[in-house]
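Me: I have a structure open and would like to understand the labels attached to it. Could you go through them with me, setting each value against its cut-off?

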Amino acid sequence: MQLSYLSEPSVLYNLQYRYSQDMIYTKAGPVLVAVNPFKKVALYGNEYIKAYRNKTMDSPHVYAIADSALREMKSDEVNQSIIISGESGAGKTETAKIAMQYLASLGGGSGIEYEILQTNPILEAFGNAKTLRNDNSSRFGKLIEIHFSTTGRICGAMIQTFGERSYHIFYQLCAGAPTTLREKLNLKKVDEYKYLKQSCCYSIAGVDDAEMFRAVTEAMNIVHISKEDQDNVFAMVSAVLWLGDVSFTIIDNENHVEITVEEAAETVSRLLGCSIEDLNLVLSKRHMKVNNENIVQKLTLTQATDTRDALAKALYASLFEWLVEQINKSLSVGKRRTGRSISILDIYGFESFDKNSFEQFCINYANERLQQHFNRHLFKLEQEEYVEDGIDWAKVEFEDNQDCLNLFEKVWACTFSSLLSSSRNHKYVSLCWNALNSTSPGARSSPLRRVCGRVRPLRVFCTQPFPTFLQEAVSRTRTHDLIVTRRQLYRCAKAPLRFKFYQYFLKKHMPILFGISRGGMPLFCWKVVNLQNSKYKFTASAIFA
Ligand SMILES: Nc1ncnc2c1ncn2[C@@H]1O[C@H](COP(=O)(O)OP(=O)(O)OP(=O)(O)O)[C@@H](O)[C@H]1O
C-alpha cells in the first residue's frame, strides 16, 4: 500500500491495520518498520527464505533487507551494515537473529554458518537478563560482522561487544549443572544467593533454565570452547555469585573490617584459586604509594562492600569479554578474509523503569547516539545534498536530538568523569547544575544553557548541600524520564575499579583471564593501561569520558 498523504496519524493507522492482519513489517523508504507480534507468526523458515531469494515474494520483510544487503555487497563490492534500533523489548535481537538466519542460509555451506548462529545462545546466556520490559533483554551491545568469500560464501565472522533477574547464566547454571559440577562449584539454590535474592524473581514463564544450560554448553562445544575452559567459566560464574555472600567483620571502632572466614569466603578463594589472606587483602585493604613508600589502608564496611561488588562486576565483565574473544577465535576469518562483509548492529534499547541507575543512563545515551546517526543519514545529509544540488525540495521537519546529545556529551560526560573525583570538579559540576536549573534570566542565557539549547526538561534536584548534592537527577531522554538516584549513581559511577591491584591478584590466580591478549597485552591489563593513560580516575564512569 502506498500512502498518498504522509502524516503521523495515517502512518500509525496503517501500521496498526497491517499489524492486525499479522503483517508486522512495513517499508518506509529505506527503513523497515517491524512491529513486535509477541507471538509466533508464520513468516519465517526455509519456504520464506527461498521465496525471498527467488524474488517470488516481495512484501516488506527482514529477509528482503538481508537479501538486498547481500546483493549490493556482491554487485557494488561494498561492505554493508544493517542497523537495528528501537526501545527495549521492541524485537531488535530477534530481528538480528532473523537477518543472520537468512544470510546463513544463502551464504552457508562450509558449516561456519551453524557456528555463527550458535553464538546467540551463549551471548544471550551471559549477556542477557530478564527486566520489567523484556524477559530476554540484552545488557550489552553487539556488532556482528559476517565475512563472505569472493564466491559469496560465509567464511567467518567477528563479534564486537560494547559494554528483576540477573544474567540468565546464573539461573541456568544453578538449575542445570550436573551433580559433579554442582558439588565442585558448591552451588546453592538460586534463592539462597544474596545477589539473586535482590529481585525475588527466579524464573521466566515458559523458560526451562536447566534445558537452556544444556543448550549453552552444547553451543560452547560447537564454538570450540574446551571442556576445561567451560569448567573454568562456570567456576568464575559461581565465584561471582558467592562473592555477594562474602561478609565482613568489624575489627575496630573506626568501622574497619576484615572478611569473615566462613563458607562464602572459603568457596570464593577456592574457586578463584587464591588464599583467604589474599582475598582479605583485596577486599578489606587499599594499597597506596606515598613518597615511594607502600602504605596499606584498612577499609570501612561500606568501602569493603563496594570493593567486593566492584570485583564481582569486574570479574564478570572480563569473563564476558573472554567468551567473546573465544567465539571470535573460533569464527575467525583469518587469511580467508576478502574484505566484504555485512555487519548487523543490535544494541540494548531505550529503557526507563520506576527506579533507574547509571546503567539506564548509559544505555539511553547509546541509543540517542544511534538515533542521531539515523537522523543524520536519513534526513540531514540527504537534505543537505538536495540543497547543494539546487533541487527544489520541501524541507522535511524532524526532531533533531543533537541538543539532547550535547547534554550527555558536553555536560553529563564531563560531569560523570569528573563526578566526585576532585573538589575543583565538584565545583564545576555544581556550577553546571546550578546554571541548568536556575530560572533567572541571566542563567537562561549562560553558555551552558546555550549548549543545552532547548532541552529544558533537564531538571536536577539538589536536595542536599554540596558535596552530597546529587540526591536525585532527572533528565529527559527521547522516550522517558530517566531518574538516577544519588546512591545508585555513586555506587555505579564511583565503584572503585581498582584494576591495578586486581591485575596483580588475577594474574596470580586466574590464568583464564590472562590467556587472551589485545595489543600484545593480557586483556585485563590492556584495559588498565588504557584507563591509566586517560586523564580520569579509574571509575566506572571514566570509561564513558
Ligand atoms: N519477530 C518476532 N516474532 C515473534 N516474537 C518476537 C519477534 N520479535 C520479538 N519477539 C518477542 O519479543 C521479545 C523481545 O524481543 P527482543 O529481545 O528481540 O527485544 P530487544 O529489542 O532486543 O530488547 P532489548 O533492547 O531489551 O534487548 C522476544 O523475546 C520475543 O518474545
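**Around the ligand**

Reply: In this predicted model, the shell around the ligand holds 20 residues, of which Ser 88, Lys 92, Ser 137, Ser 138 and Gly 349 come nearest.

Me: Which elements supply at least two residues each to that shell, and which of them gives the most?

Reply: Helix H4 (92-107) and strand S5 (137-138) each supply at least two, and H4 gives the most, with four residues. By character, the shell divides into six nonpolar, ten polar and four charged residues.

Me: What makes the approach of the ligand to the side chain of Thr 93 a polar contact?

Reply: A polar contact is a pair of N or O atoms within 3.5 Å; an oxygen atom of the ligand is 2.8 Å from an N or O atom in the Thr 93 side chain, so this pair meets the cut-off. The side chain of Asn 134 has an N or O atom 2.9 Å from a ligand oxygen, and for Asn 136 a polar backbone atom is 3.4 Å from an oxygen atom of the ligand. Taken alone, the ligand exposes 640 Å², and the protein buries 86% of that.

Me: Why is Tyr 13 called exposed?

Reply: Exposed means over 50% relative accessible area, and Tyr 13 has 53%, so the word applies. Tyr 13 lies in helix H1 (residues 8-20) and, with Tyr 17 and Met 23, forms a nonpolar patch on the surface, the three together having about 320 Å² of accessible area.

How values were computed: Residues are numbered from 1 along each chain as its sequence is written. This is a predicted model: local features need pLDDT of at least 70, side-chain atom pairs count only at pLDDT 80 or more; totals for chains, interfaces and linings use all residues. Side-chain values use heavy atoms; hydrogens and water are left out. Patches are made of residues with over 30% relative accessible area and no salt bridge: like charges are joined within 9 Å, nonpolar side chains (Val, Leu, Ile, Met, Phe, Trp, Tyr) within 5 Å. Accessible areas come from the Shrake-Rupley method with a 1.4 Å probe; for residues, only the protein chains shown count as cover. A salt bridge is a side-chain nitrogen of Lys or Arg within 4 Å of a carboxyl oxygen of Asp or Glu. Buried means under 20% relative accessible area, exposed over 50%, partly exposed in between (1.4 Å probe, protein chains only). A residue is near a molecule or strand if one of its heavy atoms lies within 4 Å of it. A polar contact is a pair of N or O atoms within 3.5 Å; within protein, one must be able to donate a hydrogen and the other to accept it, and residues adjacent in sequence count only if both atoms are side-chain atoms. Ala, Val, Leu, Ile, Met, Phe, Trp, Tyr, Cys and Pro count as nonpolar, Asp, Glu, Lys and Arg as charged, and the others, Gly among them, as polar.
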